[in-house]
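Please examine the sequence and the structure shown here before reading on.

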Amino acid sequence: MTPAEMDARIVRYGELVPCKTAFIDAHTPGSDQKENFTIIGGGVSESPDQHVHIKDTPGFNIGAAGQPPKCRNSLHSHSTAEVFFVLKGRWRFFWGRWGKAGEVVLEEGDIFNIPTGIFRGFENIGTDYGMIMAILGGDDAGGGVLWAPQVIEDAKDHGLVLGANGKLYDSKKGEKLPDGVGPMPLLDQGVLDRMPEFSTQDVVPHFVARYLDMMALSDRQPAKVIGADAMLRDRPGFEVEFLSRGSISPELYTTERHEILMPMRGHWWLDYDGGSTVLNPGDTCAVPPGVSRSLVPAMTGEASLYRVRNTDDPAGPTQLR
């Protein structure tokens with residue numbers, strides 16, 4: 001692989017292109033300052049303005065959300081995995097029909113495998129602009145987003161309508177639903193009644209992993225974070241490992257899986273058959289199958305990295321306990 005070919009598979013944090021009109025709540029006060037990023041795959045954006053950095057998917061999507069303090073992402077649901085880890089800031093995640101069934105606060109480096117089929121939202125409760133990185137199950141990221149009915153109703157008051165075709169229309173720009181396309185129907189009460197209302201105690205022990213715990217477990221080998229026999233047991237079509245300074249080897253290795261490298265802390269040398277480069281916190285690197293590579297921290301100090309690989313498991317509902 002040439003350096004130019006590898007560069008085309010790296011999305012640098014400083015080069016991320018945001019979209020501020022990605023979702024139906026883009027005009028709703030309290031949610032109107034958020035930025036959405038689609039890094040690998042088309043994600044679940046509802047806007048034609050969304051920039052996609054790498055279109056080819058390895059069986060899952062990679063995205064990110066950036067928000068200033070007190071900015072909230074509205075309640076929504078997914079049919080495949082939605083996994084977040086906090087790159088910058090302090091975040092509160094909440095869930096349930098009205099967002100009151102449970103909640104958890106995540107610090108930098110923490111990861112949350114949110115159960116499918118429940119409404120979830122999140123907000124930046126830190127003091128500075130924050131960023132969370134996302135892994136979405138499936139090549140089509142589960143086919144999109146299901147919004148809590150009140151989110152769609154609130155959006156109408158601020159000029160945004162979601163069509164049944166999954167596209168947004170902004171009446172403030174003179175846009176309207178095309179002929180033959182109706183508005184996205186609200187979920188009926190029967191569907192809403194069947195959606196689970198998990199408590200904090202139901203969710204946090206089985207779906208949240210803390211950064212300090214992963215640092216401790218990765219002192220000699222990579223810590224298995226999400227997978228069939230991992231800290232968070234699930235089979236969402238991908239597996240997640242956590243690497244720190246103590247769990248890496250300078251020796252070259254290969255895998256027949258797609259491998260996504262996402263540094264959390266520190267700078268990492270990536271040597272590969274054809275060249276080398278440095279990966280920085282917030283960068284995303286998609287190494288294709290069969291390429292020899294090695295990873296080592298580029299300097300002293302704290303170093304940590306998430307590694308995501310595709311599996312043979314189909315993308316689908318969380319395997320609840």
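The questions and answers below concern cysteines and pockets.

This is a predicted model, in which local features need pLDDT of at least 70, side-chain atom pairs count only at pLDDT 80 or more, and totals for chains, interfaces and linings use all residues. Residues are numbered from 1 along each chain as its sequence is written, and side-chain values use heavy atoms, with hydrogens and water left out.

Q: Why is C19 not counted in a disulfide?
A: A disulfide is a pair of cysteine sulfur atoms within 2.5 Å. The closest cysteine sulfur to that of C19 lies in C71, 13 Å away, which is too far for a bond. By this rule the count comes to zero disulfides.

Q: Why is C71 called buried?
A: Buried means under 20% relative accessible area, exposed over 50%, and partly exposed in between (1.4 Å probe, protein chains only). C71 has a relative accessible area of 3%, so C71 is buried.

Q: What makes C19 count as buried?
A: C19 has 3% relative accessibility, and therefore counts as buried.

Q: How many nonpolar, polar and charged residues are in the lining of the largest pocket?
A: Ala, Val, Leu, Ile, Met, Phe, Trp, Tyr, Cys and Pro count as nonpolar, Asp, Glu, Lys and Arg as charged, and the others, Gly among them, as polar. By this rule, the lining of the largest pocket divides into five nonpolar, six polar and four charged residues.
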